[in-house]
Amino acid sequence: MQKKNRSLWQGISLAIMAALLVAGFTFSVPAGVAAQGPTPTPNDPVWRAFSTVRDAIEEDKSVDLTIVQSWAFEQSEFQPGGIDSCVDLDDPNTGREIYFGWTFDITSLRGDRYYARVSFDLSVVAICDRVPEAAAPVAAAPDPNLPAPVAGSGATGGFELGGHVLELSANTKGLMTRSGMTWAKKQLRWNVGDGTAVAAGMINAARAQGLKILLGVVGSPSQMGNFDDYVNQYAAFVGEVAALGPDAIEVWNEPNIDREWPNGQVNGANYTRLLAATFNAIKSKNANVIVVSGAPAPTGYWGTAGCAAEGCNDDVFMQQMATAGAASYLDCVGLHYNEGIVAPNVSSGDPRGEYPSYYFGSMLQRGYGPFGKPVCFTELGYLSGEDLGRPIPGGFAWAQNTTVVQHASWLASAVSQAAQSGRVRLLIVWNVDFPDLGGADPMGGYAMLRKDGTCPACDQLGVVMGGS
């Protein structure tokens with residue numbers, strides 16, 4: 001509910017809070033200190049969630065939270081008991097069955113603390129009767145056999161944009177220049193015994209077009225029988241690739257599913273063993289290479305169980321990584337977002353439901369939260385089959401209503417939000433120039449270069465990145 005008696009102080013304080021929220025900070029304002037700030041961004045999903053919670057608390061508690069001493073937020077799963085499990089209900093059976101959303105912890109200028117929850121679609125707010133003690137964080141307990149991390153530069157610098165490319169040609173470079181892209185991504189599938197010639201070719205092709213390059217180096221699950229021996233061989237190979245001078249290396253791809261990791265061994269701690277050895281091999285050969293952790297496949301397939309032999313939900317997998325100490329062995333957290341069918345500035349309304357990986361804002365928090373380190377989206381894309389000339393394959397039917405216009409607009413909006421978040425170092429669009437090859441994977445539907453040779457997303461991205 002809007003308050004009609006808000007003063008100039010409110011406008012200033014909300015602007016400051018919005019700016020710092022976008023940057024990911026816990027917010028505080030000393031009493032009596034005025035400052036200027038940018039206009040609040042009402043379309044930011046977390047900002048709108050905070051506004052909803054703040055207004056509900058003010059109305060319920062008859063307090064003024066125009067200016068607060070501090071506040072913090074997190075994406076939460078309300079288990080057990082749902083969103084009302086922190087409320088003293090006369091009948092516990094009347095608790096609302098909302099299990100995902102935002103949690104806010106707000107301390108007023110007087111030192112009073114308020115704790116509240118809100119669903120992702122902002123339709124349900126629970127003002128807690130108890131401010132629960134924060135659960136003790138799971139201490140990072142790395143395998144004692146993990147090596148000490150080798151020193152090297154991290155993911156320093158401002159936000160940059162790139163694209164996953166099929167062909168590093170002058171034509172592709174033209175599309176990327178229009179889009180404000182300075183990075184290319186290529187993925188390399190390594191088999192035991194392979195040399196570095198293919199990697200060198202990819203790096204040289206990017207350099208010839210004046211582009212930085214992110215190499216994703218993926219091994220073969222079928223060759224990982226002797227895990228420790230395999231880790232050593234993989235790390236040694238990636239170290240040799242680092243010596244060739246790429247700008248960044250992503251260590252594996254989607255290691256949370258058995259398509260890319262051995263069935264029965266999917267676990268963030270196991271992946272961290274490979275990440276640690278590879279990080280040190282890279283930094284020992286070239287300290288300036290940005291090391292990106294392998295982005296997990298975004299999924300909630302395994303429900304509340306979180307994991308099975310076939311894989312793990314991405315949030316569970318990343319928490320396992322964090323607990324194992326992975327933050328010491330990465331410069332940037334690899335993240336994928338490729339199943340959106342709503343605009344990236346909304347946090348509800350997806351017809352499939354309100355699962356966090358459906359929304360850009362909650363997906364970003366899903367990767368940033370466990371590590372508190374910069375995020376590198378190594379694959380971010382929207383699928384439109386509008387112009388493919390064939391039905392979207394059944395496994396991608398969720399995108400059947402996405403238009404080419406939406407594809408371009410949503411890419412530009414996601415890049416804008418990522419750049420303003422203060423949390424994203426690099427965003428790689430999936431993809432720039434892949435054609436539709438038929439079959440079960442509509443890669444061409446994700447492509448910026450459409451089937452008729454146009455690139456609606458190029459110019460919109462170019463504007464976002466500062467072009468004309």
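**Close-ups around strand β7**

In this predicted model, pLDDT averages 86 over the chain, and 86% of the residues score at least 70. Residues 1-43 have a pLDDT below 50, although this stretch has 72 contacts in the model beyond near neighbours in sequence.

**View 1. Strand β7 sits among buried residues.** Here we look at residues 212-218, which form β7. Six of these seven residues are buried, so the strand is largely enclosed by the rest of the structure.

**View 2. Strands β6 and β7 run parallel.** On one side of the pairing is β6, residues 183-189, joined to β7 by seven bridges. To get your bearings, find A184, which stands opposite I213 in β7. Now add helix α4, residues 197-208: β6, α4 and β7 together make a right-handed β-α-β unit.

**View 3. β7 also pairs with β8, again in parallel.** Strand β8 covers residues 248-251, and four bridges join β7 to β8. A handy pair to pick out is L214 and its bridge partner in β8, A248. Bring in helix α5, residues 227-242, and you have β7, α5 and β8 as a right-handed β-α-β unit.

**View 4. Residues 133-140 have pLDDT under 50.** For this stretch the model has five contacts beyond four places in sequence. Where pLDDT is low, the predicted coordinates should not be read in detail.

Note on methods:
Residues numbered from 1 in each chain as written. Predicted model: local features only at pLDDT ≥ 70, side-chain atom pairs only at ≥ 80, totals over all residues. Heavy atoms only, no water. pLDDT = per-residue confidence, 0-100. Contact = heavy atoms within 4.5 Å. Buried < 20%, exposed > 50% of the residue type's maximum accessible area, 1.4 Å probe, protein only. Helix = DSSP H or I, 4+ residues; strand = E, 2+ residues; numbered from the N terminus. Pairing = 2+ DSSP bridges. Right-handed = clockwise from strand over helix to strand, strands pointing away.
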